[in-house]
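Q: I am new to this structure and would love a close look at one part of it. Could you pick a spot and walk me through its surroundings?

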Amino acid sequence: MSELSHLDDQGRARMVDVSAKADTTRTALAAGHLVTTPEVVALVRADDMPKADVLATARIAGIAAAKRTWELIPLCHQLALSSVKVTFGFTDTAITIEATAKTKGPTGVEMEALTAVAVAGLTLHDMVKAVDPAATLDGVRLVSKEGGKHGRWRRGDSDTQRAEPQADTAPDGGDSAERSAVVVVASTGVAAGTREDRTGPVIEKWLGERGFSVRGPLVYADAQIAAGLADALRGAPALIVTTGGTGASPTDATPEATRAVL
């Protein structure tokens, strides 16, 4: 698309007429993160903030905001959302946020997913500001979308290049459109906030240095690794790297969970 759809031929803002478009199932995934201190991350993971139930509050705020996007953003259509899911993860110094919005209709749900991430992040900021007033909501972005005549779009695909296209290759010459990755950490201790994640950030950095666009680390308890892999598969990354969950304990189920999705 080479023109702004929300402007008419005289450059005036307008609401796009979608009445002629076919109803299709449409899904959008958005993400962002709240950069904060290790102290805040540990408090939230332990549910020990002065304002308790931090993640539940932010999750409900994100879902509610998605449902009201048409009221908040002037030219958005009112959509009948069939699903809104808001999830959180942790790094040493950030709380990651992802939102998936779904509908069946004539137009997409990108703005609903993005609004859910933004408001969930702002709610997190409100909840942690007593401990870290310098927390920063960062990286709010659309990760992928499906449905409509354009089908499937994923961040990093070649059609996302800006107005001045240029060769976009990874350091080893690989195509960046295929260099998306997700890091999944299987650790009951890290998920509970009783242990520091020493491997996920190292893997994330290593992949980033080699030209990958990385999501995560996504941290899940050992027994929940199947849900972690399902989470990682959203957006259809080119590569998923898991660490942990391969011991002799009955809850160490990474091999079995991996086999199930291969």
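A: Happy to! Let's begin with a pairing: A181 has V214 in β7 as its bridge partner. Please keep in mind that this is a predicted model. The pairing belongs to a longer match, in which β6 and β7 are joined in the parallel sense by 6 bridges.

Now let's widen the view to the sheet. It is an open sheet of 3 strands, with parallel pairing and the order β7-β6-β8. β7 (213-220) and β8 (239-243) stand at the edges with a single partner strand each, so one side of each has no neighbour in the sheet. From one strand to the next, the twist averages 15°.

Next, let's zoom in on S180, which lies in strand β6 (residues 180-186). Is S180 buried or exposed? S180 counts as buried because its relative accessibility is 11%, and the cut-off for buried is under 20%.

What does S180 touch, leaving aside residues up to four places away in sequence? Its contacts are R154, F212, S213, A236, P237, A238 and L239. Two of these tie back to the sheet: S213 is in β7 (213-220) and L239 is in β8 (239-243).

Another contact, R154, leads to a separate set of strands. Strand β5 (residues 153-154) pairs with β4 in the antiparallel sense over 2 bridges, and W153 in β5 stands opposite K145. β4 (residues 136-146) also runs antiparallel to strand β1 (residues 24-35), joined to it by 8 bridges. There, V35 has T136 in β4 as its bridge partner.

Finally, S180 and R155 are 25 residues apart in sequence, while their C-alpha atoms are 8.5 Å apart in space.

Notes:
Residues are numbered from 1 along each chain as its sequence is written. This is a predicted model: local features need pLDDT of at least 70, side-chain atom pairs count only at pLDDT 80 or more; totals for chains, interfaces and linings use all residues. Side-chain values use heavy atoms; hydrogens and water are left out. Helices (H or I, at least four residues) and strands (E, at least two) are DSSP runs, numbered from the N terminus. Buried means under 20% relative accessible area, exposed over 50%, partly exposed in between (1.4 Å probe, protein chains only). Contact means heavy atoms within 4.5 Å. Two strands pair if DSSP finds at least two bridges between them. Axes are lines fitted to C-alpha atoms, for helices over the stretch in contact, and angles run from 0 to 180 degrees between N-to-C directions.
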